[in-house]
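Visitor: Hi, could you walk me through this structure? I'm new to this, so please take it one topic at a time.

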Amino acid sequence: MTLSTRLYLQMARAAAAVLGTHELVESVWVRRSVAAGEVSFGRSDIDLAVAIRSVPASSRELISLMNRYRALRAAFPLLGECLVYDSLDLRTWWSTDTYRASVDRRAALLLRGKETAIPVLSVEREHAAHRCAFWLEQYLPAAFRAGNVRNLRKFAVEMWNAYATAVGIIAEPAIRRSEAEQLWRDRRDTPPDELGSLAVCLGILKELHDALLPPCEMPLPRPLVFPARWPPGFQQRTVVLIPSVESELPAEARRSDALIFTPEALRVYLEFVNPFAACVLPLDAGIGAVSRDAWLRACKREGGSFRTRLPGFGSNDTQAAVGRIASVREALEWLNKGERPPDMGNDNVNRILATPHSVRRYYREIYPRLREECTELWAALDGFADSTSCTRAASSFSAMRSQS
């Protein structure tokens with residue numbers, strides 16, 4: 001263990017000692033770079049996870065826990081996000097992301113409280129593909145705008161790790177980025193200093209697309225730029241679609257709200273990360289269509305109970321928390337009719353955009369209803385795994401909503 005990792009681990013233990021005395025908390029563990037022993041001092045974050053007691057938490061209790069976590073972040077600026085899992089998450093979450101479950105099972109370190117068992121599950125290729133492509137949504141555009149070669153290289157290695165798992169090169173992802181990078185370099189003759197570019201990252205997604213999806217038949221003679229209210233949070237984004245990884249990027253790619261895709265990267269993103277975005281694209285079905293199973297995977301993933309507790313612990317985005325559950329509910333109702341979910345419509349989007357930005361107001365006024373909807377959602381979805389059962393799940397969920 002390096003000196004940096006020891007120092008970070010001591011800070012994580014101190015934070016766990018403070019969080020662990022809260023009335024809600026049963027367990028605290030540290031994840032990602034600290035747990036893997038791969039800390040870059042001053043650059044790495046200390047990412048934690050907390051298991052709370054099985055009885056649903058009240059708004060007052062969650063606000064109290066959030067205040068304690070925010071006070072800790074003021075004392076330890078290196079603290080990153082904290083995922084707050086309840087009993088519903090601990091029963092359902094690991095099966096919706098077997099890739100992350102594999103990493104946490106082998107690397108997460110319990111710091112306080114009772115052990116939380118993570119089941120041994122085979123990594124599903126669709127979950128690995130999701131972990132390869134989700135970087136498109138926030139991390140890659142930000143690193144590109146900042147010219148952050150270090151982060152672009154880090155993301156490229158993470159993406160290759162997920163790609164290699166998805167296509168069967170490795171059975172489980174490498175725990176450390178250094179191990180994943182060595183595996184990658186053993187398979188290709190690319191100098192380390194050439195890995196840090198947006199083109200390399202988009203190239204990995206092209207390889208993933210070609211391995212898992214049918215050929216992309218969308219000729220694009222020039223870059224296409226258009227605005228969109230991007231679900232599930234429906235923030236205004238500028239979508240930049242370039243013909244290939246070799247294409248020159250237009251000036252709009254450096255906008256603070258830009259999302260950057262090639263046709264292949266966009267198809268991978270829609271199929272494995274965010275099918276809800278297909279409803280807002282001004283494109284033909286050749287690139288906007290996603291499979292029925294993709295919708296089911298997204299409903300399970302975005303309907304995770306812990307996502308309703310991201311505000312205040314991971315970000316302050318209350319709109320996304322509300323938009324996720326609304327998007328899942330809407331998608332299931334249309335899937336039950338055997339139809340592709342459409343755009344949510346201005347009225348629904350405006351209601352999501354009207355969500356209070358105050359995290360405390362969110363927990364007082366919005367969270368109790370969302371948590372109840374998550375319970376109803378998983379009563380319908382739990383255990384379903386294919387397209388046929390997706391219809392049954394949607395029918396069950398629609399019936400429960402109408403009764404309530």
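**How far to trust the model**

Guide: This is a predicted model, and within the protein, confidence is lowest in helix 17 (residues 387-403), where the mean pLDDT is 41, and highest in helix 6 (residues 125-133), where the mean is 98.

Visitor: And what's the mean pLDDT of the protein?

Guide: The mean pLDDT of the protein is 88, and 92% of its residues reach 70 or more.

Visitor: Where does pLDDT stay under 50?

Guide: That happens over residues 385-404, for which the model nevertheless has 34 contacts beyond four places in sequence. Where pLDDT is low, the predicted coordinates should not be read in detail.

Visitor: OK, let's switch to helix packing. How do helix 5 and helix 6 cross?

Guide: The axes of helix 5 (residues 98-107) and helix 6 come within 7 Å and cross at roughly 85°, and these two helices are therefore roughly perpendicular to each other. On the helix 5 side the contact is made by Thr-98, Tyr-99 and Arg-100, while helix 6 brings His-127, Ala-128 and Arg-131.

Visitor: What classes do the residues in that contact of helix 5 with helix 6 belong to?

Guide: The contact of helix 5 with helix 6 has two nonpolar, two polar and two charged residues.

Visitor: And how does helix 4 pack with helix 5?

Guide: Helix 4 (residues 87-96) packs with helix 5 at an angle of about 110°, and their axes are 5 Å apart. Helix 4 and helix 5 are therefore roughly perpendicular to each other, since angles from 65 to 115 degrees count that way.

Visitor: Which residues meet there, between helix 4 and helix 5?

Guide: Trp-94, Ser-95 and Thr-96 of helix 4 meet Thr-98, Ala-101 and Asp-104 of helix 5, and by class this contact has two nonpolar, three polar and one charged residues.

Visitor: New topic: how many cavities of 30 Å³ or more are there?

Guide: A search of the whole structure finds one cavity of that size, and about 80 Å³ of space lies in the largest cavity.

Visitor: What lines the largest cavity?

Guide: It has a lining of 13 residues, and those nearest its centre are Phe-276, Cys-279, Ser-327, Pro-342 and Met-344. The lining divides into ten nonpolar, one polar and two charged residues, and helix 14 (residues 318-336) gives the most to it, with three residues.

Visitor: Last thing, what about the backbone: which peptide bond is cis?

Guide: The bond from Pro-231 to Pro-232 is cis, with omega near 10°, and Pro-232 lies in the loop between strand 5 (224-230) and strand 6 (235-241).

Visitor: And what's the phi of Arg-32?

Guide: Arg-32 has a positive phi of about 60°, although this residue is not a glycine, and Arg-32 lies in helix 2 (residues 32-36).

Terms used. Residues numbered from 1 in each chain as written. Predicted model: local features only at pLDDT ≥ 70, side-chain atom pairs only at ≥ 80, totals over all residues. Heavy atoms only, no water. 1 Å grid on protein atoms, 1.4 Å probe; cavity = no way out; pocket = protein on both sides within 12 Å on 5 of 7 lines; lining within 4 Å. Points joined across faces, edges and corners; volume = space filled by probe spheres on them. Helix = DSSP H or I, 4+ residues; strand = E, 2+ residues; numbered from the N terminus. Nonpolar A, V, L, I, M, F, W, Y, C, P; charged D, E, K, R; others polar. pLDDT = per-residue confidence, 0-100. Contact = heavy atoms within 4.5 Å. Axes fitted to C-alpha atoms, helices over the stretch in contact; angles between N-to-C directions. Parallel < 35°, antiparallel > 145°, perpendicular 65-115°, else oblique.
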